Amino acid sequence: MGKLLGKLKTIASDVGLPLALISGLFLQSCSESNRSTAKTESVDEDVAKAVYVAPGKHDELYSFLSGGFNGQVSVYGIPSGRLLKVIPVFSQFPENGYGYNEETRPMLMTSHGFVPWDDLHHPKLSRAEGMADGRWLFVNGNNTPRVARIDLTTFETVEIMEIPNSAGNHCSPYPTNNNEYILAGTRFSVPLDLAKGGMGDASLEEYKDKFRGSISFIKVDKDKGDMELDFQVLVPGFDYDLANGGKGPSGDWVFFTTYNTEKARTMKELGASQNDKDYLAAINWKLAAKYAAEGKAHEMPANYYHNKLDHGTHKATSTIKKKVRYLLPEECPGMMYLLPAPKSPHGIDVDPTGEYMVVNGKLASTLPVFSFSKMQKAIEDKAFDGEVNGIPVFKYDAVLYGEVKEPGLGPLHTEFDGKGNAYSTMFVSSEVVKWNVKDLKVLDRMPVYYSPGHLMIPGGDTKEPYGKYLVVMNKITKDRYLPTGPELVHSAQLIDISGDKMRMLLDFPTLAEPHYAQGIPADKVAPNSVKFFKLDENTHPEAVKKEADASVTRQGKTVKVNMTSIRSHFVPDNIEGVQVGDTVIFHVTNLEQDWDVPHGFAVMGADNAETLIMPGATQSLRWVPKQAGVYPFYCTDFCSALHQEMQGYIRVSPKGSNVPIKFSSGEKKPVPPPNGGPASAGIN
């Protein structure tokens, strides 16, 4: 099998794509039939010790895996592979009420209305001096273009910004080395109406003339992390796939892979594969910001949502933005260049020194490595081979450092270990390939199961990778776990890269399809973790900070219940006076001031979800009862030995009845009379 694999790879490098793909399919079939042998070859019998984390002990690292089509981020401990948390971002999440309750519903508002789903692709950690600083995680929504920020003190989504003039926000989000900007590029080019703003109406036959792409420059507040769309660069109407920022000497630059430079509008699998080469786009982001600051930017109407969660109220609010600035590359000399790259390139990865840019041409038989210093020399020498929309195109040989020969079939992504080595995933030949960045020689190969997409070395996209582990994310799992019907869980595999040879350590299942991941040592995040929210800092307008202030009030057809929860009861827990068709809003404040004591709240017949209230916070659930009756409500999150008793009733009477609003917790009991005298007023 090994000899056959090598022979096919040699043939593929000679004849190119078609045979490579055919042989790739054949190889995958062979891999299935020989998987038992492959397991034995690739898995060390002693690996259990390398991933064992004893009960009560913590993992070395956090890893954040995108959930792909579930719109969430999954947090795993490394090396154990233990699932620690699911963070909803672009999807409603019944586990904690995100996107259902009144506080977080505004987070999912867009110019298209309430959009409770997206395709989350790429997490990126915030940075300081080119290193992950553990403060925030930025992620993108691919379908309805959005960028979100997760606060790593609470592991909550705290900000989502819609991206105008974009369609398919795949090439996103990429931070510069001190979070000056988050860059977001469009996957699909669309016709833009510069006069009225947004997408215009154009015939698809006018694609080549009227469609454009956009690269968004999102400013990040260095202290709070708040995002603001500063300006966009309107670029030629290609598809923009992935991006990566420079570092060190290339720190002022960011690079984008593009495909469909043919500008095909239909059957792109063929139409976008006609040219031998597409482009790697290089933008000097610092010069672009300078042009924008100097007044080079134009302004156009826009209509996009910017949603933020307030730390004090725990409520999200939406702001609608009505304009956006943009730069045209043809008016900004020196800002943007194009490097010829193998057809349909996918990943672009810059090594820790900032000198080498690896372009993963998924349809190429070699892996080209470009040189940043040669690119600078080519600019100086004007070593160009034409231009596109006024953007100079470099001569290939003028910017190429070299090519990795016969790296494997279907290269997609590359990361680095900080010791001069690179690791690339090969989708078709289902392997991770280790190679040396200086001499471009292949050093090692590791089979994986099957068809890997992204891979992640913690810090592998920074100037100092944590070169101990590699996580590879497999697109297809086949037989790694017990069968669960026609759909199998996706899979990640943990590989030890501390030695000369890679060593497979662990399989662990992932949620939905992860597209990328980020990893960071736990001590950069864990010490800042919020234990509970201080009740006296809760500024929610409906918060109730002591049981005596709980209330139920009617305003027209709306009944407002301001209640408290604490182990193990609600106040009030008996409510009457609600009528069929009323809108009842429960504002529940969790009075606990202790770590890990959330309380849940759910009421029978509610057609949205529960809500989960963190200690010291207030959350609100909307409910419209449709039938008369007495409805129980209860705490959904186990909180004490008497958790089961944490419940109450709300009576719903027919519409128009004369039952007055009434509420209580506990029956009034007579106070024992002093010295045998008559009983006094009751107490609760």
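How many bridges join β1 to β2, and do these strands run parallel or antiparallel? In this predicted model, 6 bridges join the two strands, which run antiparallel, and within that pairing Ser63 has Tyr76 of β2 as its bridge partner. The two strands belong to an open sheet of 4 strands, ordered β3-β2-β1-β35, in which the pairing is antiparallel. Because β3 and β35 (517-521) each have a single partner strand, they stand at the edges, and one side of each is left without a neighbour in the sheet. From one strand to the next, the twist of this sheet averages 20 degrees.

The strands of this sheet lead on to the largest pocket, which has a volume of about 1,400 Å³. Its lining is made up of 43 residues, and those nearest the centre are Lys85, Thr154, Phe155, Ser529 and Val530. The elements that give two or more residues to this lining are β1 (61-66), β2 (72-78), β3 (83-88), β9 (156-162) and β42 (611-613), and of the elements it is β3 that gives the most, with 5 residues. By class, the pocket lining has 23 nonpolar, 11 polar and 9 charged residues.

Enclosed space is a separate matter, for the structure holds 5 cavities of 30 Å³ or more. The largest cavity contains about 110 Å³ of space and is lined by 14 residues, among which Tyr174, Asn244, Asp349, His413 and His454 lie nearest its centre. Two or more residues of that lining come from each of β15 (239-245), β21 (345-350), β27 (411-416) and β31 (452-456), and by class the lining has 6 nonpolar, 5 polar and 3 charged residues.

One of these contributors, β27, is also part of an open sheet of 4 strands, which has the order β27-β28-β29-β30 and antiparallel pairing. In this sheet β27 and β30 (442-447) are the edge strands, and since each has a single partner strand, one side of each is left without a neighbour in the sheet. The twist here averages 20 degrees from one strand to the next. The partner of β27 is β28 (residues 421-426), to which 4 bridges join it in an antiparallel run, and Phe416 stands opposite Ala422 in β28.

Side chains of opposite charge can pair when their charged atoms come close. In this model the count comes to 30 salt bridges, including one between Glu102 and Arg622, whose closest N and O atoms are 3.0 Å apart. This pair links distant parts of the chain, with Glu102 in the loop between β3 and β4 (109-110) and Arg622 in strand β43 (residues 618-623), 520 residues apart. Glu102 counts as partly exposed because its relative accessibility is 25%, and Arg622, at 37%, also counts as partly exposed.

Another salt bridge joins Asp252 to Lys286, with the closest N and O atoms 3.3 Å apart; Asp252 lies in the loop between β15 and β16 (253-259), Lys286 in helix α7 (residues 285-293), and the two are 34 residues apart. Asp252 is partly exposed, with a relative accessible area of 30%, and Lys286 is partly exposed at 43%. Salt bridges that share partners also join Arg149, Glu159, Asp226 and Lys308 into one network. Within this network, Lys308 forms a salt bridge with Asp226, the closest N and O atoms being 3.6 Å apart.

Conventions
Residues numbered from 1 in each chain as written. Predicted model: local features only at pLDDT ≥ 70, side-chain atom pairs only at ≥ 80, totals over all residues. Heavy atoms only, no water. 1 Å grid on protein atoms, 1.4 Å probe; cavity = no way out; pocket = protein on both sides within 12 Å on 5 of 7 lines; lining within 4 Å. Points joined across faces, edges and corners; volume = space filled by probe spheres on them. Nonpolar A, V, L, I, M, F, W, Y, C, P; charged D, E, K, R; others polar. Pairing = 2+ DSSP bridges. Axes fitted to C-alpha atoms, helices over the stretch in contact; angles between N-to-C directions. Salt bridge = Lys/Arg side-chain N within 4 Å of Asp/Glu carboxyl O. Buried < 20%, exposed > 50% of the residue type's maximum accessible area, 1.4 Å probe, protein only.
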